[in-house]
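Reader: I would like to learn how to read a model like this one, feature by feature. Could you take me through it?

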Amino acid sequence: MQRGGLTGDPLADTHRIEAVALRELAKAVRAQLDRPDVSATARDIELLLDDSIAGISIAAPIRTGGDLDGLIDLSRIDFDRLRAQFAAARPRTQTQQIRRAVEAHIARLVSANPTRRNLVERLEDLVARYNSGSVETGQLFEDLLALLRDLSEEDCRAVRENLSEEELAVFDILTKPDLALTDDERDTVKRIARELLDRVQHEIEAIDWQRNPHTRAAVQSAIRTILDELPRARYVDPLWADKVDHTYLWIRQLHGGEAAAL
């Protein structure tokens, strides 16, 4: 082996400085164009992971103004590729990544529609069973993928129901859990869901409306008036009164008040 970096070839040594400069330039260009190889770091991280996943706590606020920062586009997830990556290496690391994606997306879905709290409970149950040793990492990964698919389906439900996300939230408040309705009754509830926000729009546009008892009363009155059009055979007291209260709580959450607990 040559000392001092000499090759033993005088002709080559004359271009040694130029070769080093070109090599360093190429490294700089690659650093700008290529994703860094973090496989070694990922392996180190995996070694530090124990067999449990941190607890889940989702208390997401309502997002307004098209704020989509940090959200997951489920339509771009390649489930087969995720499964292949899991099988190849780093199962706990891959599972943690999927868990974070699921948690972030559930947070968005619940912030838009409080009746989706069952998704939070489903994720919490998966994590609890894993932490208790009831399931292995591979099974947790598959369960998380199944939950991701369901989240993707939930994302499309407003389109299928021909409702906006806000209208779907009202519709769900009025129909869950498992209220049996005929097709005509469902159409009536959908119409009411579409009209409700328009009915209360004037009052909620008032400055600081939630601090004004007269404005709050006007919002509650408008909600009662339109929900009085719900099918009477299905929405008898106390169910009807309960739907009025939960709809009002959701309106307050939507416009910056306390979170609705449905």
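Author: Gladly. Let us begin with a pair of helices: α9 and α10 are roughly antiparallel to each other. In this vocabulary, angles under 35 degrees count as roughly parallel, over 145 as roughly antiparallel, 65 to 115 as roughly perpendicular and the rest as oblique. Please keep in mind that this is a predicted model, in which local features need pLDDT of at least 70 and side-chain atom pairs count only at pLDDT 80 or more, while totals for chains, interfaces and linings use all residues. Residues are numbered from 1 along each chain as its sequence is written, and side-chain values use heavy atoms, leaving out hydrogens and water.

Reader: At what angle do the axes of α9 and α10 cross?

Author: The general idea is that two packed helices are described by the angle between their axes and the distance between the axes. Here, helix α9 (residues 183-204) and helix α10 (residues 213-227) have axes that come within 9 Å and cross at roughly 160°. The axes are lines fitted to C-alpha atoms, for helices over the stretch in contact, and angles run from 0 to 180 degrees between N-to-C directions. The helices themselves are DSSP runs (H or I, at least four residues), as are strands (E, at least two), numbered from the N terminus.

Reader: Is the crossing of α9 and α10 left-handed or right-handed?

Author: Right-handed. A crossing is left-handed if the near helix is turned anticlockwise from the far one by less than a right angle, and right-handed if clockwise.

Reader: Which residues make the contact?

Author: Contact means heavy atoms within 4.5 Å. On the α9 side, the residues include Ile 192, Leu 196, Arg 199 and Val 200; on the α10 side, Ala 218, Val 219, Ala 222 and Ile 226 are among them. By class, the contact of α9 with α10 has ten nonpolar, two polar and three charged residues. For these classes, Ala, Val, Leu, Ile, Met, Phe, Trp, Tyr, Cys and Pro count as nonpolar, Asp, Glu, Lys and Arg as charged, and the others, Gly among them, as polar.

Reader: How do the axes of α6 and α7 cross?

Author: Helix α6 (residues 117-131) and helix α7 (residues 137-160) come within 10 Å at their axes, which cross at roughly 175°. That makes α6 roughly antiparallel to α7. Leu 119, Leu 123 and Leu 126 are among the α6 residues that meet α7, where Leu 140, Leu 144 and Leu 147 are among the partners. Nine nonpolar, one polar and four charged residues make up this contact of α6 with α7.

Reader: How many helices and strands does the chain have?

Author: Eleven helices and zero strands. Of the 262 residues in the chain, 35% are buried. Buried means under 20% relative accessible area, exposed over 50%, partly exposed in between (1.4 Å probe, protein chains only). As for contacts between residues at least 6 apart in sequence, 70% join residues at least 24 apart.

Reader: Is Lys 190 buried or exposed?

Author: Lys 190 lies in helix α9 and counts as buried, because its relative accessibility is 13%. Leaving aside residues up to four places away in sequence, Lys 190 touches Glu 161, Leu 163 and Phe 171. Compare Asp 155 in helix α7, which is partly exposed at a relative accessible area of 22%.

Reader: Where should I look for backbone oddities?

Author: As a rule, most residues other than glycine have a negative phi, and most peptide bonds are trans. In the loop between α8 and α9 you will find Pro 177, which is joined to Lys 176 by a cis peptide bond with omega about 0°. Asp 178 is found in the loop between α8 and α9 too, with a positive phi of about 55°, and it is exposed at 78% relative accessibility. A cis bond also runs from Asp 237 to Pro 238, with omega near 5°. In the loop between α7 and α8, Asn 162 has a positive phi of about 60° and is exposed, with a relative accessible area of 57%.

Reader: Which helix has the lowest mean pLDDT?

Author: pLDDT is the predictor's confidence in each residue, from 0 to 100. Helix α3 (residues 39-48) has the lowest mean among the elements, 44, and helix α8 (residues 165-175) the highest, 95. Over residues 41-52 the pLDDT is below 50, and this stretch has 16 contacts in the model beyond near neighbours in sequence. For the chain, the mean pLDDT is 75, with 63% of residues at 70 or more. Where pLDDT is low, the predicted coordinates should not be read in detail.
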